[in-house]
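Work through the exercises below with the sequence and the model at hand. Each task is followed by a solution in steps.

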Amino acid sequence: MEFGNLTDDQLDEIVVGAEAGVAQLRALETAAIAEMQARKTHLEDGYRSIVDWVAARADVSHKTARSLCWTASRLTHAPEGLLPWRMVSSHSIEPNRYHGFRKEVVRATSVMTSLN
């Protein structure tokens, strides 16, 4: 893709849509970490802490892993309308209708596809 040929509006749509996609994936990752932490999977896998487990499994720095785990540990206290997903059951999540992530991702994807 040649970004030099895009209009400012098209570039803006790509940035907004890409960030919405990143945010949605990060939310999904954080929810999965919360579940793994509750299950104490890191101990079964031989890690001393959930932070060590996340750093190794996600291939991120310990600083990033700490941040993800800190956020994950607070998920149970967040009002549902503020989360980009909602718990459907103890092992299932789906996008929350209060967030427009999917619309932004679809919009940016369609812009990028039309440019190719």
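**Exercise 1: a residue and its surroundings**

Thr30 is found in helix H1. The model is a predicted one. Determine whether Thr30 is buried or exposed, and list which residues Thr30 touches, leaving out those up to four places away in sequence.

Solution. The relative accessible area of Thr30 is 4%. Buried means under 20%, so Thr30 is buried. With residues up to four places away in sequence not counted, Thr30 touches Leu68, Thr71, Ala72 and Leu75.

**Exercise 2: the packing of two helices**

Classify the angle between H3 and H4, give the handedness of their crossing, and describe the residues in contact.

Solution. Helix H3 covers residues 50–58 and helix H4 residues 62–73; they pack at an angle of about 120°, with axes 8 Å apart. H3 is therefore oblique to H4. Their crossing is right-handed. On the H3 side, the contact is made by Ile50, Val51, Asp52, Val54 and Ala55, which meet His62, Ala65, Arg66, Leu68 and Cys69 of H4. Sorted by type, the residues of this contact are seven nonpolar, one polar and two charged.

**Exercise 3: the buried residues of H3**

Which residues of H3 are buried, and against which helices do they pack? What is the phi of the residue that follows H3?

Solution. Ile50, Val51, Asp52, Trp53, Val54 and Ala55 are the buried residues of H3. They pack against helix H1 (8–39), helix H2 (41–44) and H4. After H3 comes Asp59, with a positive phi near 55°.

Technical notes. Residues numbered from 1 in each chain as written. Predicted model: local features only at pLDDT ≥ 70, side-chain atom pairs only at ≥ 80, totals over all residues. Heavy atoms only, no water. Axes fitted to C-alpha atoms, helices over the stretch in contact; angles between N-to-C directions. Helix = DSSP H or I, 4+ residues; strand = E, 2+ residues; numbered from the N terminus. Parallel < 35°, antiparallel > 145°, perpendicular 65-115°, else oblique. Left-handed = near helix turned anticlockwise from the far one by under 90°. Contact = heavy atoms within 4.5 Å. Nonpolar A, V, L, I, M, F, W, Y, C, P; charged D, E, K, R; others polar. Buried < 20%, exposed > 50% of the residue type's maximum accessible area, 1.4 Å probe, protein only.
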